[in-house]
Amino acid sequence: NKVAMANIDNECKDLEVKDFYAESKTHLEDIMSHQKNMQEKTYGFNFEEMSLRDVMNFWHCNTHAVIDEIHEMTDALGGIKDGSGNAVWKYWKKDFSTFDNKKVSDLSEDDKKELYMEWVDILHFFINYAASIGLDAKTAYNYYFAKAEENVQRQKRGY
């Protein structure tokens, strides 16, 4: 009894993955290994010994955390220190319409920093998914660019 994937028309098992990482001058390695080490040393996770159920439970917690951080980033988009915060999405607030023509570049430096830090919080949790399945920076990097090239080709083929 095989369970079908939700997206059966975009399988990537035959996609060629070149070594894009070797051609790069910057890498994700520092970020990804630091995050994995923090999860292991600070929180006691042993990803190599986790059962698939343990991985799934870890993912559920990280999914909730990502969603929470996306909400925080959404509020930060409206400016936390110098802006109106969640009025950027709360249509019932009086400042809601002030965001119709504002751009990220209009935010104060403090508010941009807060916005960027919320993005970094999201990145932490996304990297946890990689750590939990043994995905290292080089493999992630190479797979990313292989898939990006495939996505461009799919569009050219009328996907």
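Student: Where does Gly 79 lie?
Tutor: We're looking at a predicted model, where local features need pLDDT of at least 70 and side-chain atom pairs count only at pLDDT 80 or more, while totals for chains, interfaces and linings use all residues. Residues are numbered from 1 along each chain as its sequence is written, and side-chain values use heavy atoms, with hydrogens and water left out. Helices here are DSSP runs of H or I with at least four residues, strands are E runs of at least two, and both are numbered from the N terminus. On that numbering, Gly 79 sits in the loop between helix 3 and helix 4.

Student: Is Gly 79 buried or exposed?
Tutor: The cut-offs are relative accessible area under 20% for buried, over 50% for exposed and partly exposed in between, using a 1.4 Å probe and protein chains only. Gly 79 has just 1% relative accessibility, so it counts as buried.

Student: Which residues is Gly 79 in contact with, leaving aside its neighbours within four places in sequence?
Tutor: Contact means heavy atoms within 4.5 Å. With the sequence neighbours set aside, the partners of Gly 79 are Ser 84, Gly 85, Leu 107 and Asp 111.

Student: What about Phe 96: how does its relative accessible area class it?
Tutor: Phe 96 is in the loop between helix 3 and helix 4. Beyond four places in sequence, its contacts are Ala 87, Val 88, Trp 89, Lys 90 and Tyr 91. Its relative accessible area is 29%, so the class is partly exposed.

Student: Back to helices: which residues does Asn 62 touch, not counting those up to four places away in sequence?
Tutor: Asn 62 belongs to helix 3, residues 52-77. Its relative accessibility is 3%, so it is buried. Setting aside residues up to four places away, Asn 62 touches Phe 125, Asn 128 and Tyr 129.

Student: And what is the relative accessibility of Asn 128?
Tutor: Asn 128 is part of helix 4. Excluding residues up to four places away in sequence, it touches Gln 35, Gln 39, Phe 58 and Asn 62. Asn 128 counts as buried because its relative accessibility is 2%.

Student: Which helix gives the largest share of the largest nonpolar core?
Tutor: A nonpolar core is a set of buried Ala, Val, Leu, Ile, Met, Phe, Trp, Tyr and Cys residues joined through side-chain atoms within 4.5 Å. The largest one has nine residues: Phe 20, Tyr 21, Met 32, Ile 127, Ala 130, Ala 137, Ala 140, Tyr 141 and Ala 146. Helix 1 (20-23), helix 4 (109-132) and helix 5 (137-156) each give two or more residues to this core. Its largest share is four residues, and they come from helix 5.

Student: What radius of gyration does the chain have?
Tutor: The rule for a globule is 2.2 Å times the number of residues to the power 0.38, and the radius is taken over C-alpha atoms. For a compact globule of 159 residues that would be near 15 Å, but the chain has 20 Å.

Student: Last one: how far apart are the centres of the positive and negative side chains?
Tutor: Lys and Arg count as positive and Asp and Glu as negative, with His and the chain ends not counted. Each charge is placed at NZ of Lys, CZ of Arg, CG of Asp or CD of Glu. With 20 positive and 29 negative side chains, the separation of the two centres is 4 Å.
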